[in-house]
Amino acid sequence: MAETEGVRRRDFINIAAVSAAGVAGIGIVVPLVSQMSASADVLAASSTEIDISAIQPGQAIKAVFRKQPVFVRNLTPKEIAEANAVDASSLRDPQTLEERTKEGKENWLITMGVCTHLGCVPLGAGEGEVKGEFGGYFCPCHGSSYDTAARIRKGPAPKNLEVPDYTFSSDTVVKIG
Amino acid sequence: MSFPWVKHYTPAHPFMKWMDDRLPIPRLVYNAVGGGYEVPRNLNYFWNFGFLAGLCLVLQIVTGIVMAMHYAANTAVAFDTIEMTVRDVNWGWLMRYAHANGASAFFVVIYIHIFRGFYYGSYKAPREMVWLLGVVIFLLMMATAFMGYVLPWGQMSFWGAKVITGLFGAIPFVGEPLQQWLLGGFAPDNAALNRFFSLHYLLPFVILGVVILHIWALHIPGSSNPTGVEVKSSSDTVPFYPFYVAKDGWAIGVFAILFAIAVFYFPNALGHPDNYIPANPMSTPAHIVPEWYFWPFYAILRAFTQDFFFIPAKLMGVLAMFGAILVWFFLPWLDKSPVRSGGYRPLYRKFFFFGLIPAMAVLFYCGGAPAAEPYVMFSQLAALYYFAHFLIIIPVVSAIEKPLPLPFSITEAVLGKDDEAQLSVPAAPASAV
Amino acid sequence: MARILSILVGLFFTVALAWSFGKGAYTQITEPPAATAEHEFHLHPKELHLASDGPFGKFDKQQLQRGFQVYKEVCSACHSLSHVAFRDLEQLGYSEGQVKTIAAGFQVPGVDPTTGEANTRPGTATDYFPKPFANDIAARAANNNAIPPDLSLMAKARHDGAAYVYSLLTGFQAQPAELLKEFPDSKTPAGLHYNPYFANLNLAMAPPLTGDGQVEYGPGNPKPTVEQMSKDVSAFLVWTAEPKLEKRNQTGFAVVLFLIFATVLGYMSYRNIWAGKKH
């Protein structure tokens, strides 16, 4: 009996020592993994201010937000009417233009310029670019078409173009992020 | 490695058997660091440093890969990318300090490992190849460490690169073109920085390859031991697993504590303040020194202050600095003493403790000191002893020394008697792992 | 044969070294090196104790804020702080809004969005501290041919960095009469300033902190004496050089404690496994 007790105690210490080594191993892996996530300087550069005073109705600009394009579009009344004419519930990603813009600023459509399919930059923001059959944006990679509220209407993309967090700092300046 | 009593690998699990039949990695591991490697039972703690050196290599490769993820080898931004790593990357400061101090830890371990070899005659037959490969590893380590130190592109990085490549300029006739070829220019710049980065990333894997050969060569005759008497019977050895795994395991713990104290509390103690100043090719720091692990050889380089007949002092210094390491290659043939361990060699032992060790200590100290008197004179005397030790004293001592009587076997050395050894057949030298 | 060859090579090196040693020793005796003013009068930095010292050191944020104020109002006229971004100042206890205000107080290089020409704009939190001079030539021209070094890493780029900065700032003085008596040629050149804590004793920087109250500290802070301002800015530079110091100390404590625990277990396990095996 005393003999087996001794053996058990010994096994216990060996198991404890190996477990401690295992904990140390996990402790080493944590910083090795987390060093690859975004560093402080990258995270800090995560808001952008854009001057929108020069954008005429019907025009759009491409700005940079978090190293990705963001589209700022000044919709014409016709484009707004087209967007509102669609029954939102019939869409793949049901949203109204109202939900995608700020109150009182319905003509300012601000979306990421990143196709929700596989991340290409859709056409339509630049002067003279193809806007697709729904008059909004058209992604040339796999043919996704977005309407004037940048909602997905046709093609493989699953979601509407993402609307980032933003606020109007003034009537002419938008702060994104 | 096959003593007759070595246990053979028998797969415990059907999967291991399946694997072993197709790709015998389990068997390889078992024979290398498992129950299939029989090791002398009397190893002291100096024998832990081989395993620790392997651990250091892994540490450097892992932290180095991380550093390379955030580093850019361009003189315009290299310094800033390191600072960015330290300041903004998650745990970047830890990676940087672990990598920088890891190099120092690696050299501490390797110097102890080498001097263990000197004292216990580990370089002697039948382990000459283990020794030669070890010296190759040491040379590769020095090259890797030197190029790594250039990468942060601080003042010491730049001037270290300039001075060390300048050594090649001392070689007659081809010196200057050779130096230009090494740097890809007239002075260290983008070309040099980029190739140093490339080679600094490559060489550790070359080292890893040579380490595998080093261990392979070791497993042919098996480990040496403090008595220097070869293994004779099964009572002389214990299997590596669990015995030496446990011993190395707790030694790793001690190493890790010391290393953590250095990394977390004295991360810059072994570095040089000037390397926190970005490289400036127009202004040399007042006192340039390499990293501490090069100091003995740097002291030897600087010890030659006078032309010797037709050989310029600069060339003498370079010859001596490289010669100081190259001489190790010949050690197995310079030391002809039939007795391996310094413990049974009264005269050799005296020279080791009262000659070589103090000389190395002086060279270490003077290599880090300014190039002024009295340090130069001290390093001249120490370097003089260094060369005399390896090239004159060792051959002469091994011829005239009368060694102490050796124990019959390891078992006898440990237990005071060895009943088994009288009966058993001495182990034949093995021919395969 | 190998032995004879080896001894010959050994003699080659040892004789060459003995020759170098002999010549060197002879020169040393016949022409002992002259004493220099730098050697005789250079002083090691004074003692400086900061809250960030030692294994449990933490930053005194109040002091860092004062040090930052000294940097901003005095040092930044000539010295850059290029590795520090305004956003980093939040670590000193400033709020996001305060950081924005501080950043906006600095003009950083920018580009005119309509013409593309270089101009300046107010800083934002993600900007780094701007350099006071456009380039090294401008820095030299404005500073009596000496480039004011960047201060971000100063506390690590000198031996005893923080104590060195503190000693240098408080160490300006008239050249001692003994020095001039012993080394008449070593008179401080015009445009330089004597400071025994500087390696070659004469420094291009004029004493930057000249009078008590040069910087106005807010209520609840110690009196802004030269001594106090020097200490504060030294503490601030410890932070700019090693912003992760606190985290390093804390992580280190946990790691070392765990390793000691694990090593004791490892040792007991080792004793267990070797129990009864004499070695």
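Start in chain A and select residues 135-147: strands S5 and S6 form a hairpin here, with 4 residues between them. In the turn, Gly143(A) has a positive phi of about 75 degrees. Strands like these (E, at least two residues) and helices (H or I, at least four residues) are DSSP runs, numbered from the N terminus.

Before you go on, know that this is a predicted model, where local features need pLDDT of at least 70, side-chain atom pairs count only at pLDDT 80 or more, and totals for chains, interfaces and linings use all residues. Residues are numbered from 1 along each chain as its sequence is written, while chains are lettered from A and ligands numbered from 1 in the order in which they are written.

**Still on the hairpin**

Show the backbone of S5(A) (135-139) and S6(A) (144-147): they pair in the antiparallel sense over 4 bridges. Two strands pair if DSSP finds at least two bridges between them. Click on Gly135(A) and you'll find Asp147(A) of S6(A) standing opposite. Is S5(A) mostly enclosed or open? Of its 5 residues, 4 are buried, so the rest of the structure largely encloses this strand. Buried means that 20 or more other C-beta atoms lie within 10 Å of a residue's own; exposed means 12 or fewer, and partly exposed is in between, with C-beta atoms placed from the backbone.

**The open sheet in chain A**

Next, select residues 48-51 (S1) and 166-168 (S8) of chain A, then add 173-176 (S9). These 3 strands make an open sheet in the order S1-S9-S8, with antiparallel pairing. S1(A) and S8(A) stand at the edges with a single partner strand each, so one side of each has no neighbour in the sheet. On average, neighbouring strands of the sheet are turned by 20 degrees against each other, direction ignored; axes are lines fitted to C-alpha atoms, for helices over the stretch in contact, and angles run from 0 to 180 degrees between N-to-C directions. S1(A) is joined to S9(A) by 4 bridges, and Ile50(A) stands opposite Val174(A).

Now zoom out to the whole of chain A. Colour 1-37 as domain 1 and 43-176 as domain 2, bounds that come from an automatic or database domain assignment. Their C-alpha centres lie 54 Å apart.

**Two histidines in chain B**

Over to chain B: select His113(B) and His214(B), which an unreviewed UniProt entry annotates as "binding site". They span 102 residues in sequence, yet their C-alpha atoms are no more than 13.2 Å apart, so they gather at one spot. UniProt positions are given in the numbering used here, feature names are shortened, and annotations may be inferred rather than shown by experiment.

- His113(B) is in helix H5 (92-120) and is buried, with 21 C-beta neighbours inside 10 Å. Leaving aside neighbours within four places in sequence, its contacts are Phe49(B), Gly50(B) and Ala53(B). Contact means that C-beta atoms, placed from the backbone, lie within 7 Å.
- His214(B) sits in helix H9 (190-219) and is buried too, with 22 other C-beta atoms within 10 Å. Not counting residues up to four places away in sequence, it touches Val130(B), Leu133(B), Gly134(B) and Ile137(B).

While you're here, pick residues 196-217 of chain B, one of the spans the unreviewed UniProt entry calls "transmembrane region". This span is 100% helix, and its end C-alpha atoms lie 30 Å apart.

**Where chain B meets chain C**

Select helix H11 (295-303) of chain B, where 8 of the 9 residues are buried. Trp295(B) and Tyr298(B) are among them. What do the buried residues of H11(B) pack against? They pack against H12, H13 and H14 of chain B, together with H1 of chain C.

That brings you to the interface: 46 residues of chain C are in contact with 50 residues of chain B. On the chain C side, H1(C) gives the largest share, 18 residues.

**Last stop: chain C**

Select Cys75(C), Cys78(C), His79(C) and Met205(C), another "binding site" annotation from an unreviewed UniProt entry. They are spread over 131 residues of sequence, but the largest C-alpha distance is 10.8 Å. Cys75(C) lies in the loop between H3 and H4 and is buried, with 24 other C-beta atoms within 10 Å. Cys78(C) is also in the loop between H3 and H4, but is partly exposed, with 19.

Terms used:
Two residues are in contact if their C-beta atoms, placed from the backbone, lie within 7 Å.
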